[in-house]
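Student: Please take me through one part of this structure closely. I would like to see the place where the ligand sits, and then the empty spaces elsewhere.

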Amino acid sequence: MSEQLRIGITCYPTYGGSGVIATEIGMAMARRGHKVHFICYDVPRRLDRFMENVYFHEVEVRDNPLFTYPPYSLALASKIVDVATYEELSLLHMHYAVPHATSAYLARQIMGNKAPKVITTLHGTDITLVGKDRSYLPITRFSIMQSDGVTVPSLFLKQATHDKLNVPTDCPIEVIPNFVDTSRYSPVEPQRKLELRRALGRCDQAEKLIIHVSNFRTVKRIQDVIRSFALVRKELQSHLVMVGDGPERCDAEALVRELGLEHDVCFLGKQESTVEVLQAGDLFLLPSENESFGLAALEAMSCGLPVVASRAEGIPEVVKDGETGLLADVGDIEGLAKNMISLLEDGERYKSMSEAARRLAVENYEMNAITARYEEYYRRVLRGWG
Ligand code: GMT
């Protein structure tokens with residue numbers, strides 16, 4: 001039997017893709033018999049039940065009248081030192097560079113030769129938005145280069161880390177894609193689909209159901225979701241289901257009312273799980289301007305939904321244009337609408353894309369296969385070959 005690892009994981013414990021990936025990696029490692037310690041400011045959303053080998057340590061960011069900004073990075077570094085020392089961690093896996101990789105660096109300096117190895121997984125905006133911002137660039141670049149191993153979900157993000165942060169190409173960056181539990185995120189029989197559609201208030205089988213899932217931030221181009229759907233609605237009997245919440249939601253709801261689409265668009269808000277909504281849907285829409293990978297699109301493909309998306313950043317690596325979905329340029333609302341209409345109107349093409357989407361998810365992005373790659377990478381880094 002291979003040696004049991006003692007792993008510390010830090011992530012943003014929210015609904016975002018980086019938190020989902022971090023938590024699923026941790027749970028997969030625990031199932032393989034490794035001890036996993038989550039060190040976060042809150043319990044990660046997906047860590048919703050007791051699991052053998054999984055422990056949670058809360059980072060308390062205490063306030064003080066002197067602090068205008070309570071120092072989360074320092075509280076995290078202190079907590080890491082504590083957990084790593086008493087739980088004898090061999091490895092820290094930090095998700096999102098800012099400030100997690102920096103806190104790990106600090107913890108390592110404090111611990112000296114007893115310190116665990118550090119792997120940093122970059123997720124996207126930590127490089128494309130936050131990291132390249134001048135006020136964070138030096139510390140982000142430094143913390144990445146001080147890590148023993150660095151992973152990214154796409155070739156796009158690997159290149160961006162070299163180009164935008166000027167991280168030298170001899171600093172190895174491993175591409176390990178996002179993944180999906182294909183047994184859970186799976187297509188359903190027509191009868192079940194119908195039940196799920198009824199639960200969403202859509203009873204007409206002829207009506208096409210378009211799904212969008214995101215955190216409603218500017219990079220997701222929520223207005224493009226609605227404006228392109230408005231064009232589809234003129235041509236086809238269709239309905240748009242919006243899952244998630246965030247800063248753009250109010251404006252999105254206002255636009256829906258302005259366009260007179262209140263009866264055709266529903267906002268579900270944040271959902272613990274998106275599986276049932278995806279299984280009820282016909283097509284997934286993702287017009288983002290930044291997307292290092294697009295986990296939401298992968299989860300949709302795994303449920304057999306073709307994806308209409310923008311040709312942004314890492315998306316073309318995941319959504320194969322003309323095979324598992326159709327891509328348009330960022331901001332090309334007519335292009336997105338044309339792609340949705342052409343797919344939804346052509347039954348045969350739709351079926352072959354739906355099958356190809358599911359096949360791609362199963363063959364290339366299955367959770368057990370990809371988390372095994374993380375374990376191999378952990379062992380490589382522990383041997384000093386990051
Ligand atoms: O999409 C978001 O804004 C959330 C963000 C996060 O940090 O949680 O997602 C990023 O990481 C995911 C997991 O690696 C990727 O699938 C998303 O594409 C990426 N988002 C962006 O690059 C905007």
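**The ligand and its surroundings**

Tutor: Start with one contact: a polar backbone atom of S18 is 2.8 Å from an oxygen atom of the ligand. Keep in mind that this is a predicted model. S292 also reaches the ligand through its backbone, where an N or O atom lies 2.9 Å from a ligand oxygen. F293 does likewise with a polar backbone atom, 3.2 Å from an oxygen atom of the ligand. On its own, the ligand would expose 480 Å², and the protein buries 92% of that.

Now look at the whole shell. It has 16 residues around the ligand. S18, H123, N178, K220 and E291 are the closest. Sorted by class, 11 residues of the shell are polar, three are nonpolar and two are charged.

Where does the ligand lie relative to domain 1 and domain 2? Domain 1 covers 6-179 + 366-382, and domain 2 covers 190-364. Both give residues to the shell, so the ligand lies between them.

Next, the empty spaces. Rolling a probe the size of a water molecule over the atoms shows where empty space is left.

Take the second largest pocket. It holds about 620 Å³ of space. Its lining has 24 residues, and P190, K193, G281, D282 and Y350 are the closest to its centre. Three helices each supply at least two lining residues: α7 (190-199), α13 (333-345) and α14 (347-364). α14 has the largest share, with six residues. By class, this lining has 10 nonpolar, nine charged and five polar residues.

Finish with the cavity. The structure holds one cavity of 30 Å³ or more. About 30 Å³ of space lies in the largest cavity. Which residues line the largest cavity? They are A101, A104, Y105, R108, V118, S143, Q146 and S147. Two helices, α3 (100-111) and α5 (137-146), each give at least two residues to this lining. α3 gives the most, with four residues. In the lining of the largest cavity, four residues are nonpolar, three are polar and one is charged.

To go back to the ligand: the backbone contacts to its oxygen atoms include those from S18, S292 and F293. The shell that surrounds the ligand draws on both domain 1 and domain 2.

Notes
Residues are numbered from 1 along each chain as its sequence is written. This is a predicted model: local features need pLDDT of at least 70, side-chain atom pairs count only at pLDDT 80 or more; totals for chains, interfaces and linings use all residues. Side-chain values use heavy atoms; hydrogens and water are left out. A residue is near a molecule or strand if one of its heavy atoms lies within 4 Å of it. A polar contact is a pair of N or O atoms within 3.5 Å; within protein, one must be able to donate a hydrogen and the other to accept it, and residues adjacent in sequence count only if both atoms are side-chain atoms. Accessible areas come from the Shrake-Rupley method with a 1.4 Å probe; for residues, only the protein chains shown count as cover. Ala, Val, Leu, Ile, Met, Phe, Trp, Tyr, Cys and Pro count as nonpolar, Asp, Glu, Lys and Arg as charged, and the others, Gly among them, as polar. Domain bounds come from an automatic or database domain assignment. On a 1 Å grid over the protein atoms alone, a cavity is a set of points where a 1.4 Å probe fits but cannot get out, and a pocket is an open set with protein on both sides within 12 Å along at least five of seven lines; lining residues have an atom within 4 Å of a point. Grid points are joined across faces, edges and corners, and a volume is the space filled by probe spheres set on the points.
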